[in-house]
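Trainee: Could you take me closely through one part of this predicted model, namely how one helix sits against its neighbours and what kind of space they help to enclose?

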Amino acid sequence: MPIKMPKLSRRKASPDGVQEGVDASLPPARPPHEGSTVTRNSVAIIAVILAGGALYWLRGIVTPLAMALFLLIMIEGLTRWVASRLPIPRSAVGWVSAILVFLGLFGAIWVIVDGLSGIIAQGQGIGERLDQIIADIASLFGITTPPALRDLVSDLDLTGYAARAALTTQSVFSAAFFTLVYLGFMMASKRSFLKKVVALFPLKRERYQAAQIFERVRGGVEGYLMVQTVTGLMISATAWLIMVIVGLENPLFWAFLIFLVGYIPVVGGAIAAVGPPLYALVQFDSYWQAIVLFAGLQVILQVSGNFIQPRMQGDNQNIDPVTVMLFLALWSALWGIPGAFLSTPIAVMVMAITAQFGGTRWIAVLLSGDGNPYPVPPEQRKLIAEAKARRKATAPIKFS
């Protein structure tokens with residue numbers, strides 16, 4: 001006996017848009033994954049807020065660790081540079097680079113301590129010179145009895161400021177010590193890093209993707225370091241020459257300070273342009289030395305910022321200036337001075353990581369300068385074009 005199948009009837013839509021046979025009181029079906037997208041975005045926002053709070057509360061522990069990682073990347077880049085240019089055995093290249101970095105750190109500490117001690121030793125003369133500067137400024141406005149410096153600072157809590165400065169200095173040296181300790185342990189554990197990567201990414205495809213992310217992060221940070229180091233050396237060397245010509249005291253300290261603050265975007269240039277001229281105002285009885293220093297530093301910074309740095313920056317430095325300012329403000333608020341130094345490398349790392357995944361690429365697009373983070377290099381574009389041309393030439397001809 002044949003089985004009769006029920007007839008499928010088409011549902012006709014009524015004039016008000018409600019299909020016949022469907023209960024109009026029921027809510028319309030939502031498209032799939034709508035709720036999951038909202039939930040995922042909410043979870044991501046909450047995770048970012050919690051991570052920011054953890055980074056702030058644990059800044060005493062995390063900041064030396066981040067600085068140690070930053071120095072480790074510097075050592076790795078210096079290691080490759082030493083291996084390519086100096087006849088040193090491969091097994092000793094890493095130790096030579098580490099020794100150079102440690103000598104540079106201790107040399108920097110010596111320059112800073114020596115320069116600050118020289119400035120403090122001239123405290124009495126600085127006070128008298130400031131009184132003379134105040135009197136000269138007052139005479140320009142027709143004030144016959146200008147106030148003295150002690151009258152202007154009488155309401156200030158100098159003892160409290162000195163105590164805060166001492167605490168800040170102590171915390172800086174403590175953070176430097178822990179940074180060196182972290183760096184030593186990181187260098188000792190480099191040999192087991194490859195085994196950890198294999199354990200984390202057992203599949204070859206996953207390891208390849210992780211290697212791509214690592215290479216982009218390392219290339220971006222090393223590119224930033226290379227640009228800032230080379231331009232900083234050029235600026236500080238030229239500034240040192242000008243300071244020696246005008247006779248400024250402690251020129252090595254001021255030159256190193258200019259080199260050091262060059263790693264802080266925007267703010268570093270302002271400090272470099274204003275610091276030595278202000279000290280020249282205090283040291284000399286005349287004003288032409290400060291004017292020469294200010295003009296010379298302005299010319300150096302403008303030439304470097306408008307001509308040299310843009311030519312040296314590549315795709316790894318394709319960061320929007322607004323992004324640089326936002327990261328500077330954010331990480332300075334979280335970690336203080338170390339956060340200001342690390343703000344741009346962190347921005348480079350974030351852009352490199354988010355550009356690797358389709359779901360987060362929009363973040364890299366917003367952070368980039370031209371909306372195209374990490375474009376294909378010209379050499380790779382040429383190879384891709386040649387490969388397409390070969391495939392097109394060897395493809396079989398289809399007859400219709």
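Mentor: Helices α2 and α13 are oblique to each other, since their axes, 11 Å apart, pack at an angle of about 45°, and α2 passes α13 in a left-handed crossing. On the α2 side the residues that meet α13 are Thr63, Ala66, Met67 and Phe70, while α13 answers with Pro338, Leu342 and Pro345. Sorted by class, this contact of α2 with α13 holds six nonpolar residues and one polar residue, and no charged ones.

The packing of α2 on α8 has another geometry to consider, for the axes of α2 and α8 come within 10 Å and cross at roughly 80°. Because an angle of 65 to 115 degrees counts as roughly perpendicular, that crossing makes α2 roughly perpendicular to α8. Here Phe70, Ile73, Met74, Glu76, Gly77 and Arg80 of α2 meet Arg218, Val221, Glu222 and Leu225 of α8. The classes in this contact of α2 with α8 come to five nonpolar, one polar and four charged residues. Phe70 of α2 is worth following from one packing to the other, as it is listed among the residues that meet α13 and also among those that meet α8.

These helices can next be placed around the second largest pocket, which has a volume of about 990 Å³. Its lining draws at least two residues from each of α2 (59–85), α7 (193–200), α8 (204–246) and α13 (337–354), and α8 gives the most, with eight residues. In total 23 residues line this pocket, and those that lie nearest its centre are Leu69, Leu72, Phe193, Val197 and Phe214. By class the lining divides into 16 nonpolar residues, one polar residue and six charged residues.

For a further helix pair to set beside these, take α9 (residues 251–261) and α10 (residues 267–283), whose axes come within 8 Å and cross at roughly 165°. With a crossing of that kind, α9 and α10 are therefore roughly antiparallel to each other, and α9 passes α10 in a right-handed crossing. Trp254, Ile258 and Val261 make the contact from α9, and Gly268, Ile271, Ala272, Gly275, Pro276 and Tyr279 make it from α10. This contact of α9 with α10 comprises seven nonpolar and two polar residues, with no charged residue among them.

Definitions and conventions
Residues are numbered from 1 along each chain as its sequence is written. This is a predicted model: local features need pLDDT of at least 70, side-chain atom pairs count only at pLDDT 80 or more; totals for chains, interfaces and linings use all residues. Side-chain values use heavy atoms; hydrogens and water are left out. Axes are lines fitted to C-alpha atoms, for helices over the stretch in contact, and angles run from 0 to 180 degrees between N-to-C directions. Helices (H or I, at least four residues) and strands (E, at least two) are DSSP runs, numbered from the N terminus. Angles under 35 degrees count as roughly parallel, over 145 as roughly antiparallel, 65 to 115 as roughly perpendicular and the rest as oblique. A crossing is left-handed if the near helix is turned anticlockwise from the far one by less than a right angle, and right-handed if clockwise. Contact means heavy atoms within 4.5 Å. Ala, Val, Leu, Ile, Met, Phe, Trp, Tyr, Cys and Pro count as nonpolar, Asp, Glu, Lys and Arg as charged, and the others, Gly among them, as polar. On a 1 Å grid over the protein atoms alone, a cavity is a set of points where a 1.4 Å probe fits but cannot get out, and a pocket is an open set with protein on both sides within 12 Å along at least five of seven lines; lining residues have an atom within 4 Å of a point. Grid points are joined across faces, edges and corners, and a volume is the space filled by probe spheres set on the points.
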